[in-house]
Amino acid sequence: MQAETPQGLITNVQRFSIHDGPGIRTTVFLKGCPLRCFWCHNPETQRAEPELEFFPDRCIGCQECVRRCPEGAQAVEDGRRVYRRPRCRGCGRCTETCYAEALVLAGRWWTAEELLEELLRDKPFYDQSGGGVTLSGGEPLLQARFSERVLQLCQEAGVHTAIETCALGQWDRLAGLLRWTDLVMVDIKLLDDAAHRAATGAPVRPILENIRRMAEDRPPGWDVIASGLCEAISVGDRRLIVRTPVVPTVNDTPAAIGAIAAFVAGLPKVQYYELMPFHKLAAGKYRSLGLEYRAAALEPPAREQLAVLAEAARRAGVADVRVAS
Ligand code: SF4
Ligand code: SF4
């Protein structure tokens, strides 16, 4: 009997990406995340089911969606077209006739083989630039069977593989992904467990435990790097990167960054550590999903402040600290 082909729920396959690992890459955004960071830059990837994004500015009022929707979620009230989100079950039918692209479905099911075919379209660019494929999200670990299969198929096709993960999940599932992963980029938002729960809705202890195991139980050839943009590396040269998104009111103090850096410095073979400043580019995504944007009042950290935080990380024992642009 043939094994069932795993399917994955994906919001976006982004080609020619240059910020998600070395070289030119294709980044796959998987849908579903165990954290609920209120500043999340990809809120459309948080829920593990298809969701409709509505961009009212693009709507031309043709009412095709009203005719297509079987749930009455697209309707006309007092002569005006309205979207009743609670009735929507994310089937995506209305998006098929919305030529203005005011309605966009976040989340489509792919088989691993179907995705591989798409990913291999850019193999010449990966080969020329030292790039490859990055599984991001959302959280690749939440769809572990699918992620593992995609990573395996990529490696077998000679493509460098990377994952961006929050590392919250069962170790055996994470270990399954690591088998086929050349580069791991993992975030630590806060070291204090209560503060981490308040900011993300989840504890940090199991995350730290998984990161420690990744660093210490690595197979031969693994190199541990604490965060950053990394140079082009070849398939088989496995690395672990630890990153911190710097978010005002959450962790933008020397004490918070210093505590994380001290943990990173305790990992074997730490080479560098990266701070990633919060930005507000996701505000429109929150509106399109009907979600409150709780980071609206925050401002991105200033360059001078990031320099102070980087210095705090160095004082905590990480020799090479970098700040993402
Ligand atoms: S199909 Fe699209 S453009 Fe037409 S009314 Fe619906 S949302 Fe607006
Ligand atoms: S996604 Fe489906 S249920 Fe939701 S509004 Fe569109 S057609 Fe209706």
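**Why the labels fit: exposed, buried, core and cavity**

User: Why does Thr249 count as exposed?

Analyst: In this predicted model, Thr249 has a relative accessibility of 65%, and since the label "exposed" is given to values over 50%, Thr249 counts as exposed. Its place is in the loop between β12 (239-246) and α8 (254-265).

User: What makes the phi of Thr249 a value to point out?

Analyst: Most residues other than glycine have a negative phi. The phi of Thr249, in contrast, is near 75 degrees, which is a positive value in a residue that is not glycine. Asp78 also has a positive phi, near 50 degrees, and is likewise a residue other than glycine.

User: How do you know whether Asp78 is buried or exposed?

Analyst: The relative accessibility of Asp78 is 81%, and because the cut-off for "exposed" is over 50%, Asp78 belongs with the exposed residues. Asp78 is placed in the loop between β4 and β5. Gly79 is found in that loop too, between β4 (74-77) and β5 (80-83), and with a relative accessible area of 62% Gly79 is exposed as well.

User: Why is Tyr293 called buried?

Analyst: Tyr293 has a relative accessible area of 13%, and the word "buried" is used for values under 20%, so Tyr293 meets the condition for being called buried. Tyr293 lies in the loop between α9 (283-288) and α10 (303-315). Leaving aside its neighbours within four places in sequence, Tyr293 is in contact with Phe278, His279, Lys280, Ala283 and Tyr286. Tyr293 and Phe38 are 255 residues apart along the chain, yet their C-alpha atoms are separated by 7.5 Å.

User: What makes Glu299 exposed?

Analyst: The place of Glu299 is also in the loop between α9 and α10, but its relative accessibility is 53%, and because that value is over the 50% limit, Glu299 counts as exposed. Being exposed does not leave Glu299 without partners, for it touches Pro248, Phe278 and Lys280 when residues up to four places away in sequence are not counted.

User: Why is Gly72 called partly exposed?

Analyst: Gly72 has a relative accessible area of 21%, and as "buried" needs a value under 20% and "exposed" one over 50%, neither word applies and Gly72 is called partly exposed. Gly72 is found in the loop between α1 (64-68) and β4. Its contacts, leaving aside neighbours within four places in sequence, are Arg84 and Arg87, and the C-alpha atoms of Gly72 and Arg84 are 7.8 Å apart.

User: What makes the peptide bond between Gly137 and Gly138 worth a remark?

Analyst: Most peptide bonds are trans. The bond that joins Gly137 and Gly138, however, is cis, with omega about 10 degrees. Gly138 lies in the loop between β8 (132-137) and α4.

User: Which residues have the most contacts inside the largest nonpolar core?

Analyst: The largest nonpolar core has 73 residues, and those with the most contacts inside it are Trp39, Leu115, Leu119, Ile211, Met214 and Tyr273. The largest share of this core, 6 residues, comes from helix α4 (residues 144-156). Trp39 itself has contacts that include Lys189, Pro245, Phe278 and Ala295, with its neighbours within four places in sequence left aside. Nonpolar side chains tend to be buried together in soluble globular proteins.

User: Which residues of helix α5 are buried?

Analyst: In helix α5 (residues 171-178), the buried residues are Trp171, Leu174, Gly176, Leu177 and Leu178. Their cover includes α4, β9 (160-165), β10 (183-187) and α7 (205-216).

User: How do you know that ligand 1 sits in the largest cavity?

Analyst: A molecule is said to sit in a cavity if more than half of its atoms lie within 2 Å of the cavity's grid points, and by that test ligand 1 sits in the largest cavity. Among the residues surrounding ligand 1 are Cys59, Cys62, Arg81 and Cys98. The shell has 8 nonpolar, 2 polar and 1 charged residues.

User: Which residues come nearest to ligand 2?

Analyst: There are 14 residues around ligand 2, and those that come nearest are Cys69, Cys88, Cys91, Gly92 and Cys94. The space that ligand 2 takes is the second largest cavity, and by class its shell has 8 nonpolar, 3 polar and 3 charged residues.

Key: Residues numbered from 1 in each chain as written. Chains lettered and ligands numbered in written order. Predicted model: local features only at pLDDT ≥ 70, side-chain atom pairs only at ≥ 80, totals over all residues. Heavy atoms only, no water. Core = buried A, V, L, I, M, F, W, Y, C linked by side-chain atoms within 4.5 Å. Buried < 20%, exposed > 50% of the residue type's maximum accessible area, 1.4 Å probe, protein only. Helix = DSSP H or I, 4+ residues; strand = E, 2+ residues; numbered from the N terminus. Contact = heavy atoms within 4.5 Å. Near = heavy atom within 4 Å. 1 Å grid on protein atoms, 1.4 Å probe; cavity = no way out; pocket = protein on both sides within 12 Å on 5 of 7 lines; lining within 4 Å. Nonpolar A, V, L, I, M, F, W, Y, C, P; charged D, E, K, R; others polar.
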